[in-house]
Structure formats: structure tokens, C-alpha cells
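Trainee: I have a model open in front of me and I'd like to learn how to read it. Could we go through it feature by feature?

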Amino acid sequence: MWRRRLGALLLRSPPSSSSPAASSCQRSRHHLLPTEEPLALNRLARLFTSQAGSDGDGGHSQKPFIAFVLGGPGSGKGTQCTKIASDFGFVHLSAGDLLRHEIASGSEKGELILDIIKQGRIVPSEITVELIRKAMEMSNANKVLIDGFPRCEENRVAFERIVGTEPDIVIFFDCPEDEMVKRLLGRNQGRVDDNIETIKKRLKVFESLNIPVVDYYSSRGKVHKINATGTADEIFEAVRRIFSSLRF
Ligand SMILES: Nc1ncnc2c1ncn2[C@@H]1O[C@H](COP(=O)(O)OP(=O)(O)O)[C@@H](O)[C@H]1O
Ligand SMILES: Nc1ccn([C@H]2C[C@H](O)[C@@H](COP(=O)(O)OP(=O)(O)O)O2)c(=O)n1
Ligand SMILES: [Mg+2]
């Protein structure tokens, strides 16, 4: 299986926490590159991925169908992912939920994550990608929604390097800022980042770091942009049209 074999390769990697501080979306590019060992791993992962893709069916029987779900904070990613998962049989992996779960575990890494989330910043990619990779491995799913990821260029590159593949599609929920702020302030889930100060920072980070990722995937013809205003059910009608037209 794609997951097992790739997982076995990746589990031999050095701990991802070895250089969290050296890998932040807020840092300059030359700080983003991993050490030599992950690069060796990268070559193995790519070799494996290209073998998987050369089986005559484009590799989809070997690896899961992956949809990245993007949009600003409060644009409705989580709400729509729940509906997609239920109607189309996807496993829903929320990057934010995985990070909050790590915080709740009380680990040292969790303390670092909490500090970054409170500031509205982005967690080092190695940490987030490793949590996603493990969750994909454990789910054993053949259709996966990855909600709230990649948040920045470094997230995107790290996913390709560590997981060794690209998303099949990218869903982008386009929502006006005032609507996102209204929704976040009414979310009422006791989140440390749903206060107006942190929300302002998250919106800035979204514009400066996440929109370029959407542009990157747009240039590769992978983005389905959805107007995220209206009721959740109205928005889901547009989502349903897209997923109904896919072959996975
Ligand atoms: N279309 C919508 N109209 C009004 N409120 C919505 C809509 N979609 C989601 N919400 C609410 O807005 C808040 C943020 O939605 P959520 O799905 O958590 O967004 P995201 O994951 O993008 O931050 C939640 O309280 C949710 O119930
Ligand atoms: N890829 C990611 C996803 C989330 N995070 C952090 C930073 C985000 O502000 C918080 C919360 O993310 P989450 O996706 O749950 O937030 P929203 O659903 O967009 O409101 O987690 C991250 O650092 N990297
Ligand atoms: Mg969410």
C-alpha cells in the first residue's frame, strides 16, 4: 500500500521537532530548507511516488485523492468539509484541529503551538505536516480533505517534500472580511484565537501568506473558487456540483 510503504520510509526520518524554530513561514527562504537527512528522505519519497504513478492508472489506486480546502479564517471551511465528508465519503483532516489536539496533549511541542496560535501566526511546517502525515496514515483513507492547509508557501513545499505528492484539487472559499469577522466573533467554541486582536492578525497573515498559495495552485489549474457568502446549504450546493463532477 502507498501509505504503508511511504509511512515506513518516513517513520525512519529524524524527529521533525529537531528544527521547528528554523522553519517558519515568517522567516526568510534560506531558513526554510531542511537538513540533509530529510533531503535524502525526499529523494526516496519521490522515487517511491514516481513508481506508484507509473502503474498505468496515474497512481490514484496507489495514493489517496487529496483535496486541500482553503479560505480565510471564518470562511466556512470546517462547516463545508463536514458536509463533503458526509455526502462524498471523504475523511476530513483539519490542520487546526490536529494542532489543537497536540496542545491538549500537554506536550512541549503543544506549548509552542499554543503560543503561535495565540499570536495569529503560522506553526512551523515540519510540525503541521508531520501531524497531517500521521493522520493520513492512520485513517487509511482513499479520499482525504485537508482543511486549512497549506497556509503558506513553506507549508506547501514541506507537504510535497515529506508526503511526496500534490493535491488533486484545491477548494477555495472566497468570503469578504467583514463576514469572516462576524462569523468568527460568533463562533463561540472558546478558541484562544477568536478574539478581535488575533482575528486582525490572522486576516493579515491570510492575505500575505495564504493567497499566494491559492495563486500558485490557480496557475496550475487546480483551484475551484467558491463564493462563500449565503447560507451554509446554499454554499454547499456549489460545492456539491464540483464534487459530483470529479472522478475519484
Ligand atoms: N454560510 C454561513 N453563514 C453563516 N455562518 C456560517 C456559515 N458557514 C459557517 N458559519 C459559521 O461561521 C463560523 C466559522 O465557520 P467555520 O466552518 O468554523 O469556518 P473556518 O473553518 O473557515 O474558520 C462557525 O460558527 C460556523 O457555524
Ligand atoms: N496549516 C496550518 C493550519 C493552522 N495553523 C494554526 C494557525 C491558525 O490561525 C490556527 C487555527 O487554524 P484553523 O484552520 O483551525 O482556523 P480557521 O478554521 O481558519 O478559523 O492554527 C497553522 O499554523 N498552520
Ligand atoms: Mg476551521
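Mentor: Sure, and let's begin with a loop: Pro-150 sits between β3 (143-147) and α7 (153-163). Keep in mind throughout that this is a predicted model.

Trainee: What kind of peptide bond joins Phe-149 and Pro-150?

Mentor: Here's the general idea: most residues other than glycine have a negative phi, and most peptide bonds are trans. In this model the bond joining Phe-149 and Pro-150 is cis, with omega at about 0°.

Trainee: And phi? Which value does Asn-140 have?

Mentor: Asn-140 is not a glycine, yet its phi is positive, about 55°. You'll find Asn-140 in the loop between α6 and β3.

Trainee: Let's move on to helices. How do I describe a packed pair?

Mentor: Two packed helices are described by the angle between their axes and the distance between the axes. Try α4 (95-104) with α6 (residues 125-139): the angle is about 100° and the axes are 10 Å apart. Angles from 65 to 115 degrees count as roughly perpendicular, so that is the word for α4 and α6.

Trainee: Which residues make that contact?

Mentor: From α4, Ala-95, Leu-98, Leu-99 and Glu-102; from α6, Thr-128, Leu-131, Ile-132 and Ala-135. Sorted by class, the α4 and α6 contact has 6 nonpolar, 1 polar and 1 charged residues.

Trainee: At what angle do α3 and α10 pack?

Mentor: About 50°, with the axes of α3 and α10 (residues 232-244) 10 Å apart. That makes α3 and α10 oblique to each other. The crossing of α3 past α10 is right-handed.

Trainee: Which residues of α3 and α10 meet there?

Mentor: On the α3 side, they are Thr-79, Gln-80, Lys-83, Ile-84, Asp-87 and Phe-88; on the α10 side, Ala-232, Ile-235, Phe-236, Val-239, Arg-240 and Phe-243. The classes for α3 with α10 are 7 nonpolar, 2 polar and 3 charged residues.

Trainee: Now the ligands. Which residues come nearest to ligand 1?

Mentor: For a ligand, list who surrounds it, then ask which elements they come from. Ligand 1 has 14 residues around it, and Gly-76, Lys-77, Gly-78, Thr-79 and Arg-183 come nearest. The elements that give two or more residues to this shell are α3 and α10, and α3 has the largest share, 3 residues. The shell around ligand 1 splits into 3 nonpolar, 8 polar and 3 charged residues.

Trainee: How many residues surround ligand 2?

Mentor: Ligand 2 is surrounded by 19 residues, the closest being Ala-95, Gly-96, Val-123, Gly-148 and Arg-151. At least two residues of the shell come from each of α3 (77-88) and α4, and α4 gives the most, with 3 residues. By class, the shell around ligand 2 has 7 nonpolar, 8 polar and 4 charged residues. Notice that Ala-95 turns up twice: in the list of closest residues to ligand 2 and in the contact of α4 with α6.

Trainee: Last one: what does the chain average for pLDDT?

Mentor: The protein chain averages 83, and 76% of the residues score at least 70. Over residues 3-23 the pLDDT is below 50, and this stretch has 35 contacts in the model beyond near neighbours in sequence. Residues 28-61 also have pLDDT below 50, with 33 contacts beyond near neighbours in sequence. For the model scores, ipTM is 0.99 and pTM is 0.84.

Notes:
Residues numbered from 1 in each chain as written. Chains lettered and ligands numbered in written order. Predicted model: local features only at pLDDT ≥ 70, side-chain atom pairs only at ≥ 80, totals over all residues. Near = placed C-beta within 6 Å. Helix = DSSP H or I, 4+ residues; strand = E, 2+ residues; numbered from the N terminus. Nonpolar A, V, L, I, M, F, W, Y, C, P; charged D, E, K, R; others polar. Axes fitted to C-alpha atoms, helices over the stretch in contact; angles between N-to-C directions. Parallel < 35°, antiparallel > 145°, perpendicular 65-115°, else oblique. Left-handed = near helix turned anticlockwise from the far one by under 90°. Contact = placed C-beta atoms within 7 Å. pLDDT = per-residue confidence, 0-100.
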